[in-house]
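Hi,

Here is the structure I promised to pass on. Have a look at it first, and then read my notes below.

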Amino acid sequence: MPELGRYDLGKFEEEKRRIRVRSLKKKTMVASTRLSSSSIKRRRVSNCRFSHISIDEVRDEVEEKGVKAFRQVLVEKELLPNCHDDYHTLLRFLKARKFDVSKAVQMWAEMLNWRKAYGADSIIQDFVYEEYEEVQKCYPHGYHGVDKEGRPVYIERLGKVEPSKLMSVTTVDRFLRYHVQGFEKAFAEKFPACSVSARRHIDSCTTILDVQGMNWMSFGKVAHDLVMRMQKIDGDNYPETLHQMYIVNAGSGFKLLWNTAKGLLDPRTTAKINVLGNRYQNKLLEAIDASQLPDFLGGTCSCPNEGGCLRSDKGPWNDLELMKVVNNGDRTKSCSFYNDVDFEVKSIVSETASSKFSDELVSNSGFPRSMSLCHKDLINKSESNGIKVEPGVCGSQINMLPSTDDTTRRTAKKQDQPQIADDLHHQKEHFLLPYVEKVKQLEALVIELSSKPSRIPEEKDVILAESLNRIRSMEFDLQKTKKALFDTASKQIQLEESLEMLREGTVTATNSCWVIRPRSTLRGSR
């Protein structure tokens with residue numbers, strides 16, 4: 001018995017030592033993470049504007065500097081409409097081009113041209129997708145709830161898609177318009193509502209693709225082309241809107257295809273995609289609360305409406321009071337999302353007299369705009385009439401207050417009139433100086449351009465035409481190669497599934513209690 005006691009005590013001390021080592025390792029990892037995250041300079045922004053809503057957020061200083069430089073180039077090139085002058089929109093395009101400003105500018109210009117040609121700015125009002133109900137029957141998809149950080153969750157049940165039936169109830173062009181309209185609604189309604197609800201800026205979503213029962217061979221050329229065109233629209237015009245993607249119920253064939261394909265993709269993209277088998281529930285529940293997940297994905301939600309969870313469009317964007325705040329800039333805290341007294345929703349459009357200036361002085365990106373001459377004159381006139389004009393925080397607001405003692409101010413004004421005139425003259429000179437410099441630069445550019453030939457030399461024109469032909473030929477070859485790779489991968493998946501079926505058949509035959517005799521033996525016994 002004494003020996004046994006010493007043995008138990010030794011085991012106990014050894015277990016305590018192991019626990020201490022594990023604890024020290026964990027503390028070391030946490031300290032390392034904190035050190036690396038503290039090395040990135042961040043700045044709190046108290047007036048971050050999203051649509052009609054202002055919320056607090058923390059910005060990375062390096063990213064903000066990049067956005068400022070990008071915005072300045074767009075302003076100079078006259079490529080920044082007010083409706084797109086938003087900090088986070090600019091940041092998404094910069095991230096898509098790895099903070100290469102020249103490439104981001106090119107991408108931005110192409111996006112503006114596409115929006116104008118496609119009518120994206122008015123597609124929510126102009127386009128009606130009458131075949132929506134029929135499309136849902138052969139292509140189940142929709143938004144349902146939010147993840148644990150407040151992003152909308154988008155779900156597609158690809159295993160239940162019937163491509164031939166889908167193309168019989170709609171057309172490729174109409175489906176693409178419906179797809180674009182969905183993105184526009186997300187930016188107009190879903191992302192703002194989620195931002196207010198989560199009290200942080202949100203402009204990306206979490207996507208779940210259920211591929212159970214998916215037959216790759218049923219996806220013909222039309223369906224393949226549709227997917228490729230959707231991906232191009234998303235990548236070119238709505239970049240960096242995917243937070244995480246979970247592909248669930250993926251078989252061995254799909255995993256084989258993914259392992260082959262991910263080597264061709266950007267590592268930043270592959271890091272967002274999680275390919276999971278049929279034991280995916282715990283992984284999903286790490287990111288999404290069970291109450292926000294449909295029951296067919298391991299959650300506890302079973303919406304009672306017709307069509308179930310995917311037709312419910314469940315989310316904060318269906319809260320009427322919250323949407324009043326999003327659409328009208330309502331300052332009241334009447335809905336359940338504003339229980340915290342420290343959180344305040346602020347309207348961009350001020351109801352005070354200062355609203356005459358605020359829209360011009362500060363853009364949605366949070367950066368100040370140049371004050372126009374008419375505003376400068378208006379401010380000077382207001383001051384001369386005894387009205388005090390003060391710039392607000394970050395130049396976002398101008399408060400016009402009547403003077404408390406007009407007589408005293410007029411007397412002081414007469415005494416200091418020469419000094420005020422000099423100050424105004426210097427202020428005007430200082431204000432006009434950047435514009436004068438800009439005019440000089442433009443004059444120099446005009447002189448330089450006028451000295452150059454008005455037409456491209458013929459030999460260079462020929463070279464350009466040949467280069468364009470070669471590029472078109474290469475694009476055609478790339479499309480053919482891509483199609484061949486897709487066909488090969490589909491055949492690989494089909495072969496893999498056939499091999500699995502053969503293996504299952506062999507195992508079943510081996511486990512059978514009946515002895516399977518060769519046919520020749522049976523004939524001999526007869």
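D60 is a good place to begin: its relative accessibility is 8%, so the residue counts as buried, the cut-off being under 20%. Bear in mind as you read that this is a predicted model. D60 sits in strand β2, which covers residues 53-60. Its side chain makes two polar contacts with backbone nitrogens further along: a polar atom of the D60 side chain lies 2.9 Å from the nitrogen of V62, and the backbone nitrogen of E63 is reached at 3.0 Å.

Some overall numbers for orientation. The protein chain has 526 residues, and 33% of them are buried. You will find 19 helices and 10 strands in it. If you take the contacts between residues at least 6 apart in sequence, 66% of them join residues at least 24 apart. The chain exposes about 34200 Å², with carbon and sulfur atoms supplying 55% of that area.

Now to the stretch around α3. Helix α2 spans 61-76, and E78 lies in the loop between α2 and α3. E78 has a positive phi of about 55° despite not being a glycine. As a reminder, most residues other than glycine have a negative phi. Is E78 buried or exposed? Its relative accessible area is 73%, so E78 is exposed, the threshold for that being over 50%.

Helix α3 itself (residues 87-96) is mostly covered, with eight of its 10 residues buried. Those eight are Y87, H88, T89, L90, L91, R92, F93 and L94. At the N-terminal end, α3 is capped by D86, which places a side-chain oxygen 3.2 Å from the backbone nitrogen of H88. Just after the helix comes K98, with a positive phi of about 55°.

On to the nonpolar cores. The largest one holds 48 residues, and the members that touch the most others are Y139, F175, V180 and I247. The biggest contribution to this core comes from helix α8 (residues 172-198), which gives 11 residues. There is also a second, separate core of 15 residues, and among its members are Y87, L91, F93 and M107. Three of the names there will be familiar from α3: Y87, L91 and F93 are also listed among the buried residues of that helix. In general terms, nonpolar side chains tend to be buried together in soluble globular proteins.

Which residues does Y139 touch, once those up to four places away in sequence are set aside? They are Y154, E156, L158, V161, L166 and F175. F175 is another of the residues with the most contacts to other members of the largest core.

Close to Y139 in sequence is Q136, which belongs to helix α6 (residues 132-138). Q136 counts as buried because its relative accessibility is 5%. Leaving out residues up to four places away, Q136 touches H141, L310 and R311.

L310 and R311 bring us to the loop between α12 (281-287) and α13 (320-328), where D313 lies. C303 lies in that loop too, between α12 and α13. With a relative accessible area of 15%, C303 falls under the 20% limit and is therefore buried. Apart from its neighbours within four places in sequence, C303 is in contact with H144, G308, C309 and S312. C303 and K314 are 11 residues apart in sequence, yet their C-alpha atoms are 8.7 Å apart in space.

As for D313, it is another non-glycine residue with a positive phi of about 55°. Where E78 is exposed, D313 counts as partly exposed because its relative accessibility is 27%.

One last spot is on the surface. L432, Y435 and V436 form a nonpolar patch there, with about 250 Å² of accessible area together. Y435 lies in helix α17, which runs over residues 417-450. Its relative accessibility is 41%, so Y435 counts as partly exposed.

Happy to talk any of this through.

Cheers

Terms used. Residues numbered from 1 in each chain as written. Predicted model: local features only at pLDDT ≥ 70, side-chain atom pairs only at ≥ 80, totals over all residues. Heavy atoms only, no water. Patch = residues over 30% accessible without salt bridge, like charges linked within 9 Å, V, L, I, M, F, W, Y side chains within 5 Å. Areas by Shrake-Rupley, 256 points an atom, 1.4 Å probe, with all protein chains shown as cover. Salt bridge = Lys/Arg side-chain N within 4 Å of Asp/Glu carboxyl O. Helix = DSSP H or I, 4+ residues; strand = E, 2+ residues; numbered from the N terminus. Buried < 20%, exposed > 50% of the residue type's maximum accessible area, 1.4 Å probe, protein only. Polar contact = N/O pair within 3.5 Å; in protein donor to acceptor, adjacent residues only side chain to side chain. Core = buried A, V, L, I, M, F, W, Y, C linked by side-chain atoms within 4.5 Å. Contact = heavy atoms within 4.5 Å.
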